[in-house]
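Colleague: I should like to learn how the features of a structural model are to be read. May we work through one case together?

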Amino acid sequence: MERRTFLTTALVGTAALALGVNLYAPEHIKVNKALDSEHRLLFSVLLPVFLDDALPEVEKLRIAAQNRTLDAITQTISLLPADGQAELEQLLDMLENRLGLLVLTGSMTPLMMRNPDQLIAMLEYWRNSFLDMMVTAYQGLRELVLASYYSCPEHWNRLNYAKPTFLEV
């Protein structure tokens, strides 16, 4: 067998395998995706990475802050223009899809199975990427998470910010 034939066969086989894994979805995964239409699971993995020092140290308060932020993310997405919502939905679908992960991150390992250091490395790669698409994806996710977190008045204390009182009668 020639080297060129071997490499072509290996490339085609890998592509076919990746496509097959992408198209195959067991029933329990399809049901879970229907229940997670707002991508809460994906954001729950990304929140600790983006909000590393901003989240409270106490576990119960940390979980409450994460849940409140996930609700705020849903509200923030609903306020985006239709084009922005469509782009964000496309990015989130790619991050939840193995073939999309392969294209965006170079690995088919789901984000939920990665440790925080791997997620930080992935996001730093996006942040410093030479591709504008990757930089835009990073900035969009970061701005969405941070804006949603700090849109909640209970998180303003960590910024030493107090709501203006001159408008109150």
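Modeller: Let us begin with one residue: Leu 99 is in helix H6, where helices (H or I, at least four residues) and strands (E, at least two) are DSSP runs numbered from the N terminus. The model is a predicted one, in which local features need pLDDT of at least 70 and side-chain atom pairs count only at pLDDT 80 or more, while totals for chains, interfaces and linings use all residues. Residues are numbered from 1 along each chain as its sequence is written, and side-chain values use heavy atoms, with hydrogens and water left out.

Colleague: Is Leu 99 buried, partly exposed or exposed?

Modeller: The classes rest on relative accessible area: buried means under 20%, exposed over 50%, and partly exposed in between (1.4 Å probe, protein chains only). Leu 99 has a relative accessible area of 28% and is therefore partly exposed. Its C-alpha atom is separated by 9.8 Å from that of Ala 15, a residue 84 residues apart from Leu 99 along the chain.

Colleague: How many helices and strands does the chain have?

Modeller: The chain has 8 helices and 0 strands, in the pattern α-α-α-α-α-α-α-α along the sequence. Of its 169 residues, 30% are buried. Contact means heavy atoms within 4.5 Å; among contacts between residues at least 6 apart in sequence, 59% join residues at least 24 apart.

Colleague: What is the average pLDDT of the chain?

Modeller: pLDDT is the predictor's confidence in each residue, from 0 to 100. The chain averages 82, and 86% of the residues score at least 70. Where pLDDT is low, the predicted coordinates should not be read in detail. Residues 28–35 stay under 50, and the model has 2 contacts for them beyond four places in sequence.

Colleague: How should one read the length of a helix, and which residues of H5 are buried?

Modeller: The expected span is 1.5 Å times one less than the number of residues. Helix H5 (residues 82–95) has 14 residues and should span 20 Å; because its end C-alpha atoms are 20 Å apart, the model agrees with that expectation. The buried residues of H5 are Leu 88, Leu 91, Leu 92 and Leu 95. They lie on the same side of H5, because they cover an arc of only 95 degrees around the axis, the arc being that of the directions from the helix axis to the C-beta atoms. An α-helix has 3.6 residues a turn, so residues three or four places apart point the same way. On the face of H5 turned away from the buried side are the exposed residues Ala 82, Asp 83 and Gln 90.

Colleague: Against which helices do the buried residues of H5 pack?

Modeller: They pack against helix H3 (40–50), helix H4 (59–79), helix H6 (98–105), helix H7 (116–127) and helix H8 (132–150). In H3, the buried residues are Leu 42, Phe 43, Val 45, Leu 46, Leu 47, Val 49 and Phe 50, and these pack against H4, H5, H7 and H8.

Colleague: How many residues does the largest nonpolar core have?

Modeller: In soluble globular proteins, nonpolar side chains tend to be buried together. A nonpolar core is a set of buried Ala, Val, Leu, Ile, Met, Phe, Trp, Tyr and Cys residues joined through side-chain atoms within 4.5 Å. The largest one here has 33 residues, and those with the most contacts inside it are Phe 43, Leu 51, Leu 95, Leu 111, Trp 126 and Leu 141. H3, H4, H5, H6, H7 and H8 each supply at least two residues of this core, and H8 gives the most, with 8 residues. Leaving aside residues up to four places away in sequence, Leu 141 touches Phe 43, Leu 46, Phe 50, Leu 88, Leu 91, Leu 92, Leu 95 and Trp 126.

Colleague: How many salt bridges does a search of the whole structure find?

Modeller: Side chains of opposite charge can pair when their charged atoms come close. A salt bridge is a side-chain nitrogen of Lys or Arg within 4 Å of a carboxyl oxygen of Asp or Glu, and the search finds 3. One of them joins Arg 40 and Asp 71 (2.8 Å, N to O). This pair links distant parts of the chain, with Arg 40 in helix H3 and Asp 71 in helix H4, 31 residues apart. Arg 40 is partly exposed at 26% relative accessibility, as is Asp 71 at 38%.

Colleague: Where do Glu 124 and Arg 127 lie?

Modeller: Both lie in helix H7, 3 residues apart, about one turn of the helix. Their salt bridge has its closest N and O atoms 3.3 Å apart. Glu 124 is partly exposed, with a relative accessible area of 32%, and Arg 127 is partly exposed with 43%. A salt bridge also joins Glu 143 and Arg 142 (3.4 Å, N to O).
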